[in-house]
Amino acid sequence: MPDTSRRSYADLFRTPEFSPLFLSSSAGIAAQTVSGLALGTLVFRATGSPLLSAVSMFGPALAQVLGATFFLSGADRLAPRATLAGISLAFAVATAALALPGLPVWAMFAVVLAQGLISSLGGGVRWGLLNEILSKDGYLAGRSLFNMMSGITQIAGYATGGVLVALLSPRLCLLLAAGLYGAAAGLALLLTRRPPRASGRPSVAVTRRTNALLWSSAPRRHVYLALWIPNGLVVGCEALYVSYDPRAAGTLFACAALGMLAGDVTVGRLLPARLRPRLGIPLLVLLAAPYLVLFLRPPLPLTAVLVALASVGFGASLVQQERLVALTPDELSGHALGLHSAGMLTMQGVAAALAGLVAQLTSPATAMTVMALASLAVTLTLTVASRRDAADGGLLPRRRPASVPGGAG
């Protein structure tokens with residue numbers, strides 16, 4: 001089989017529907033980047049609390065677990081174009097509401113919670129559609145390009161957002177983000193009308209049944225845990241950039257995005273397919289280890305280098321997603337990838353809140369060290385557990401199941 005990671009990125013843009021999906025997602029990431037930094041700064045100025053600042057930036061992720069529990073069956077049972085456009089439009093309205101003068105902090109968090117519930121469906125719809133447009137043999141190359149776009153957009157967004165927040169105001173940045181979400185909605189409407197991938201109506205019962213089905217497989221369960229926990233704990237470190245160094249937060253976020261971009265290019269484009277599975281664990285170790293140095297409060301240039309180096313480790317998620325796609329039947333691809341996205345974002349929100357709490361009780365530098373050590377401990381535990389199950393015959397060959405009973409719901 002040819003190495004699909006060597007597939008030209010230009011070929012992807014010649015694939016029908018890839019371009020509008022890519023551009024709509026780009027606008028959404030830009031909006032999320034600018035609005036997150038603006039909201040985190042706004043809350044920190046109002047409260048002086050590292051905890052509330054971290055939760056405001058990553059709070060929408062905390063609601064992902066509710067969406068994954070109740071709404072995720074819609075990822076394969078709703079029309080992709082209308083769903084993606086509707087989600088972006090709802091975010092535009094919610095972000096504009098956050099910019100209202102005099103809006104109390106508790107109301108901001110209520111809006112943030114609503115955003116999380118709305119977005120819980122977006123990951124499954126988007127990545128399921130990408131898998132449908134490119135097919136499984138092209139998914140890794142496509143997701144790599146999306147991750148690269150996310151890194152570049154975040155670099156530009158955080159750098160620009162940091163300047164705009166300093167020169168203008170966080171509320172004006174929120175209005176800019178609302179406009180970007182509106183643009184994302186318009187671009188999503190350029191997609192072709194497609195029927196849902198699975199028949200039947202979305203419901204809480206179907207969502208719970210499919211979640212249980214996906215979780216019942218030991219190989220998929222290990223992949224999900226590796227995707228959710230080490231990654232999320234390190235995002236808890238990132239959530240403390242504003243309180244760690246308020247003036248340089250935009251720079252640190254941009255450096256983290258640069259490192260993530262480098263990791264995605266390396267894993268998704270440069271590495272041969274035969275080497276990728278071997279690098280999943282080393283990349284997870286790299287993701288956390290550099291944050292241990294930040295306890296010493298190194299100068300900003302060294303801090304920026306360490307943050308960028310650590311973020312190269314986010315490339316591990318591409319290795320894990322490739323395995324998840326290989327282990328999942330087509331009719332459940334949107335739900336499976338949505339569960340990955342929702343669980344990952346939920347863990348990121350939980351870790352951001354936990355990191356903020358530790359920082360509140362100690363210091364941001366100490367909290368980063370604690371989160372990095374926890375990430376390394378979880379990576380070690382998952383590695384030992386996976387190898388033990390493999391020795392016991394618990395890990396199946398890397399191929400897609402022929403069928404999953406009840407998969408169509």
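Glu-132 counts as partly exposed, at 31% relative accessibility; the class lies between buried, under 20% relative accessible area, and exposed, over 50%, for a 1.4 Å probe and protein chains only. The model is predicted, so local features need pLDDT of at least 70 and side-chain atom pairs count only at pLDDT 80 or more, while totals for chains, interfaces and linings use all residues. Residues are numbered from 1 along each chain as its sequence is written, and side-chain values use heavy atoms, with hydrogens and water left out.

**Glu-132 and the salt bridges**

Glu-132 lies in helix α8. Helices here are DSSP runs (H or I, at least four residues), numbered from the N terminus, as are strands (E, at least two). Leaving aside residues up to four places away in sequence, Glu-132 touches Arg-194 and Arg-197, where contact means heavy atoms within 4.5 Å. The C-alpha atom of Glu-132 is separated by 19 Å from that of Gln-320, 188 residues apart along the chain.

The whole structure holds 2 salt bridges, each defined as a side-chain nitrogen of Lys or Arg within 4 Å of a carboxyl oxygen of Asp or Glu. Both are listed here.

| Salt bridge | N to O distance |
|---|---|
| Arg-194 and Glu-17 | 2.6 Å |
| Arg-194 and Glu-132 | 2.9 Å |

In the pair of Arg-194 and Glu-132, Arg-194 lies in the loop between α10 and α11 and Glu-132 in helix α8 (residues 122-134), so distant parts of the chain, 62 residues apart, are linked. For the salt bridge of Arg-194 with Glu-17, Glu-17 sits in the loop between α1 (9-13) and α2 (18-47), so this pair ties together parts that are 177 residues apart in sequence. Glu-17, Glu-132 and Arg-194 are thus joined in a network of salt bridges. Arg-194 is partly exposed, with a relative accessible area of 22%, whereas Glu-17 counts as buried at 12%.

**Cysteines**

A search of the whole structure finds 0 disulfides, a disulfide being a pair of cysteine sulfur atoms within 2.5 Å. Cys-173 is in no disulfide, and the nearest cysteine sulfur, that of Cys-255, is 19 Å away. Cys-173 is buried, with a relative accessible area of 2%. The sulfur of Cys-255 is 16 Å from the closest cysteine sulfur, in Cys-237, which is too far for a bond. Cys-255 also counts as buried, at 17% relative accessibility.

**Helices α11, α18 and α17**

The axes of α11 and helix α18 (residues 333-361) come within 11 Å and cross at roughly 80 degrees. Axes are lines fitted to C-alpha atoms, for helices over the stretch in contact, and angles run from 0 to 180 degrees between N-to-C directions. The crossing makes α11 roughly perpendicular to α18, a label for angles of 65 to 115 degrees. From α11, Thr-207, Thr-210, Asn-211 and Leu-214 make the contact, and from α18, His-335, Ala-336 and Leu-339. By class, this contact of α11 with α18 has 3 nonpolar, 4 polar and no charged residues. Nonpolar covers Ala, Val, Leu, Ile, Met, Phe, Trp, Tyr, Cys and Pro; charged covers Asp, Glu, Lys and Arg; the others, Gly among them, count as polar.

Helix α17 (residues 316-326) is mostly covered, with 9 of its 11 residues buried. Among the buried residues of α17 are Leu-318, Val-319, Gln-320, Arg-323 and Leu-324.

Note on methods. Angles under 35 degrees count as roughly parallel, over 145 as roughly antiparallel, 65 to 115 as roughly perpendicular and the rest as oblique.
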